[in-house]
Each structure stands twice: as structure tokens, then as C-alpha cells.
Amino acid sequence: MEKNKDKKISKLKTKDLAFIGIFAAIIAVCSWITVPLGAVPVTLQTLGVCIAAGLLGAKRGTLSVVIYIFLGLVGVPVFSGFGAGPGVLFGMTGGYIIGFIFTALIVGLAVDLIGKRLWVYVVFMVLGIAVCYAFGTVWFIFVYTQKVSSITIGSALSMCVIPFIIPDLVKIGVASAICMALKKRINY
């Protein structure tokens, strides 16, 4: 009997699947809203990722990000600029897309372990996006040196991180406010 109970707990309910799918779609829509800014465009993807993890927690929020990435990998145009396919995912900006998984895990775990509080949202969204920056920038340097030429860490940071700090802080503020407003309606 105890084994059956554990199986029921680990399965996702229909409501969970619906929210995971909805948030994967929200992240896709957020990715289509872009402002070109050099090699890496400003998008609202991080906003969607932070909201998904902040409201759904680690398991469901991360699953929504993984589904979003999988859809893009198989050719559904969900990445920024309606991009899709392995070329985008393994290209210069693909590390940031993979970094969204880490962002969702960090934000989701914090919400699961500490609770849905404003300071938790803000602190762990900042930390999650910083990890995404780190992963994405390392990936960018690796791919850039393979395809174009060598690049310094300073140059990579000036292209891939510094221009995005203020827009991402604004997105964190908006995501935190949305999560605070919806946390009782989407309660996990």
C-alpha cells in the first residue's frame, strides 16, 4: 500500500501538466519580444522563466523551461526572433537558453524551501540570472572562439552581460510583482 501512495505522489496531475504547458508557451511568447542589442538580443525570456519558477516551484517550473527548450530544439520557432533548431541551441546564444534551466532550478528551489516571499523572489531571481549569465557567457566564449576568433572575458562580458544588467533588474522587479500578485491563485 505504501508503494502505491508514493507512486501517486510522484505523478503529475492534469492541473500540473496544464500549468507546465501554459508556462512553456508564456516563455515562448516572451522570447518573441526582442530588442536587438549586438550579438545577444534583449528578450523577455528571463521574465517568463522567473515567473514560471516563482509560481510553479522547482519541479514544474523547470519542466516548463525544459519543454520550451525541447520545442525549440525540434524545430518549433520558440526562440528569440522566431528561431528554432539545434543551430540556435548550439550557437553562440544557446548557453543562455540552457542557463534558463539553472535559473528555474534556483528560483524554484528557493520558493519551495523558503516560501513565496518578495525578498525570496528578488534575491533568488538575481542569483538565478547571474548563474545564467555565467553559463551563457562561458558557452558564448567557447562558440565564438570556434566560429569567429579569440575573445577576452572582458569583451565577452561587455557584449553578453553588461548591457543586460539593467533590463534584467527591471524584469526581476516585474516578475517578482507578478509572482506576489498571483501566488495565491497559483498555489503549489
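**Exercise 1. Work out whether the radius of gyration of the protein chain agrees with that of a compact globule.**

Step 1: take the rule, which is 2.2 Å times the number of residues to the power 0.38, with the radius of gyration taken over C-alpha atoms. Step 2: put in 188 residues, and a compact globule would come out near 16 Å. Step 3: the protein chain has 17 Å, so the two agree. For the outline, the C-alpha atoms fill a box of roughly 60 × 35 × 25 Å along the principal axes.

A word on the source: this is a predicted model, where local features need pLDDT of at least 70 and side-chain atom pairs count only at pLDDT 80 or more, while totals for chains, interfaces and linings use all residues. Residues are numbered from 1 along each chain as its sequence is written, and side-chain values use heavy atoms, with hydrogens and water left out.

**Exercise 2. Find the disulfides, and explain the result for Cys-30 and Cys-179.**

Step 1: set the cut-off, a pair of cysteine sulfur atoms within 2.5 Å. Step 2: count, and you get zero disulfides. Step 3: check the distances. The closest cysteine sulfur to that of Cys-30 is in Cys-50, 10 Å off, so a bond is ruled out by distance. For Cys-179 the closest one is also in Cys-50, at 7.9 Å, again too far for a bond. Step 4: look at burial (buried is under 20% relative accessible area, exposed over 50%, partly exposed in between, with a 1.4 Å probe and protein chains only). Cys-30 is buried at 10%, and Cys-179 is buried at 0%.

**Exercise 3. Describe how α2 and α3 pack.**

Step 1: lay out the elements. The chain has eight helices and two strands, in the order α-α-β-β-α-α-α-α-α-α. These are DSSP runs numbered from the N terminus: helices are H or I with at least four residues, strands E with at least two. Step 2: take α2 (residues 14–32) and α3 (residues 45–73), whose axes lie 9 Å apart at an angle of about 145°. Axes are lines fitted to C-alpha atoms over the stretch in contact, and angles run from 0 to 180 degrees between N-to-C directions.

**Exercise 4. Place Trp-119 in the fold.**

Step 1: Trp-119 sits in helix α6 (residues 118–147). Step 2: its relative accessible area is 47%, so Trp-119 is partly exposed. Step 3: setting aside neighbours within four places in sequence, Trp-119 is in contact (heavy atoms within 4.5 Å) with Ile-114 and Phe-124. Step 4: the C-alpha atoms of Trp-119 and Ser-176 are 8.7 Å apart, although 57 residues separate them along the chain.
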